[in-house]
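User: Hi! I have a model open and would like to walk through how its parts fit together. Could you help me with that?

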Amino acid sequence: MAKGHYDNEAHQALTQARVNLPTEQVFRGRSLNPRLNPYGLKFRECRYSTKHPKARPIMMVADDSGSMGDIPHYWATVDMPHFLELVLKGGFLESPQPMIVGVNDVGAGAQAPLQVGQFEGEAHLIDQDLTSLFIQGGGGSIPGESYELPFYVAARHASCDCYEKDGLKGYMFTFGDEPPFPWGVRAREVEQVIGDKLDRDIPFPEIVAEANQKFHCFFLIPDEYRRRNCEREWRNLLGDNVICLETHEDACTACAVIIGLTEGVLTDLSAVSQSLEAMGCDEAKINRIIRAVAPYAASLDRGGKVRRAGETRSPSGQGKSGNRRR
């Protein structure tokens with residue numbers, strides 16, 4: 001739970017100092033860090049405070065299996081500070097509180113199939129959780145990773161003031177390149193990894209629907225090559241909340257833009273372009289981001305304009321004032 005202020009310059013300095021280091025020197029974990037161990041987890045909390053009166057949780061879930069290659073390294077050395085800089089300077093959220101989560105394959109015997117940090121607002125604490133991840137590689141011989149476990153945590157082990165007091169959702173971004181396992185949440189695996197005793201398995205669509213009550217849930221596919229591995233299965237679960245990137249280097253920028261669109265700060269794709277240009281993104285990157293988020297932007301309002309906060313759609317498709325969860 002975050003208490004201090006976020007310092008983007010300090011965060012940039014932390015990550016830039018190790019940009020040329022190999023992955024094993026960036027990520028210090030050689031086993032499951034006790035701070036990230038989900039066993040016995042009650043709640044990860046995102047609370048309002050004097051310094052963060054409008055705290056909003058953001059789950060950043062990274063597939064840490066071998067097929068993801070150097071993507072976690074880029075995230076930890078370049079992308080995370082840039083993401084928060086875009087969110088804050090763009091005015092998309094006043095107090096973003098990221099939580100770092102790692103996921104692998106419990107069925108394949110991963111030493112750390114799930115790693116769960118805290119919702120944090122200070123640069124050094126966000127960085128501490130990220131670099132404490134055990135990047136174990138591996139992964140099972142069949143397609144899929146244990147993505148159901150972070151959704152289970154979002155649904156049943158996140159307690160957030162924004163939702164509980166004001167009906168505002170947080171955000172959950174999962175970065176991966178495998179389909180979900182078709183069997184969903186297995187009771188025996190939840191007991192093994194988290195310690196909860198469930199009386200039944202939970203189908204994947206059910207746990208996704210439960211998580212969606214508290215979080216805007218997205219799945220980001222790193223590039224066109226990996227897209228063919230898993231896009232169809234994820235679209236069946238999340239629809240236009242599946243974001244297909246052209247390069248993994250756009251991942252966190254795309255997440256920031258998604259937040260801006262969802263909050264209604266970015267009202268259309270032209271506003272996306274202008275915001276990214278103002279933040280120093282080059283034309284090629286801006287065009288890639290727009291192509292990636294265009295289906296989601298269209299889904300917010302099929303009439304072509306993104307609704308502002310507090311608006312709902314009338315049957316005719318025209319926006320009108322009203323209350324809605326966002």
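User: Is helix α4 (residues 123-131) largely enclosed or not, and how many of its residues are buried?

Analyst: Happy to help, and please keep in mind that this is a predicted model. Among the buried residues of α4 are A123, L125, I126 and D127, and D129, L130 and T131 are buried as well. Helix α4 is largely enclosed by the rest of the structure because the buried residues number seven of nine.

User: Which elements do the buried residues of α4 pack against?

Analyst: Nice follow-up! The partners include one strand, β3. The helices that the buried residues of α4 pack against are α1 (8-16), α2 (23-26) and α3 (71-89). The list asked for is therefore α1, α2, α3 and β3, and with seven of its nine residues buried α4 is largely enclosed.

User: Let's turn to the sheet. Which strands stand at its edges, and why is one side of each left without a neighbour?

Analyst: The open sheet has six strands with mixed pairing, in the order β4-β3-β2-β6-β7-β8. One side of each edge strand is left without a neighbour in the sheet because each has a single partner strand. The edge strands are β4 (114-116) and β8 (242-244).

User: By how many degrees are neighbouring strands of this sheet turned against each other on average?

Analyst: This figure ignores direction, so to speak only of the turn between neighbouring strands. The average is 20 degrees.

User: How many bridges join β2 (residues 55-63) to β3 (residues 95-103), and which residue in β3 does M59 stand opposite?

Analyst: Strands β2 and β3 run parallel, and nine bridges join them. On the β6 side, β2 also pairs in the parallel sense, over five bridges, and there the bridge partner of M59 is M172. In β3, the residue opposite M59 is M99.

User: Is β6 (170-175) covered or exposed, and how many of its residues are buried?

Analyst: Strand β6 points G170, M172 and T174 one way and Y171, F173 and F175 the other way, and all are buried. Next to it, β7 pairs with β6 in the parallel sense over six bridges, with L220 as the bridge partner of F175. Strand β6 is mostly covered, and its buried residues number six of six.

User: Which strands does helix α10 (residues 251-262) lie across, and what angle does it make with β6?

Analyst: Helix α10 lies across β2, β6, β7 and β8. Its direction relative to β6 is about 150 degrees.

User: How do helix α5 (residues 148-156) and helix α8 (residues 204-214) pack: what is their angle, and how far apart are their axes?

Analyst: Two packed helices are described by the angle between their axes and the distance between the axes. For α5 and α8 the angle is about 45 degrees, which makes α5 oblique to α8. The crossing of α5 past α8 is left-handed. The distance between the axes is 8 Å.

User: What is the make-up of the contact of α5 with α8?

Analyst: From α5, the residues include F151, Y152 and R156, and from α8 they include I207, V208 and K214. The residues of this contact divide into eight nonpolar, no polar and four charged.

User: Finally, is A158 buried or exposed, and what is its relative accessibility?

Analyst: A158 lies in strand β5 (residues 158-160). Leaving aside neighbours within four places in sequence, A158 is in contact with F43, R44, V153, K214 and F215. The C-alpha atoms of A158 and K42 are separated by 8.5 Å, although these residues are 116 residues apart along the chain. A158 counts as buried because its relative accessibility is 2%.

Definitions and conventions:
Residues numbered from 1 in each chain as written. Predicted model: local features only at pLDDT ≥ 70, side-chain atom pairs only at ≥ 80, totals over all residues. Heavy atoms only, no water. Helix = DSSP H or I, 4+ residues; strand = E, 2+ residues; numbered from the N terminus. Buried < 20%, exposed > 50% of the residue type's maximum accessible area, 1.4 Å probe, protein only. Contact = heavy atoms within 4.5 Å. Pairing = 2+ DSSP bridges. Axes fitted to C-alpha atoms, helices over the stretch in contact; angles between N-to-C directions. Parallel < 35°, antiparallel > 145°, perpendicular 65-115°, else oblique. Left-handed = near helix turned anticlockwise from the far one by under 90°. Nonpolar A, V, L, I, M, F, W, Y, C, P; charged D, E, K, R; others polar.
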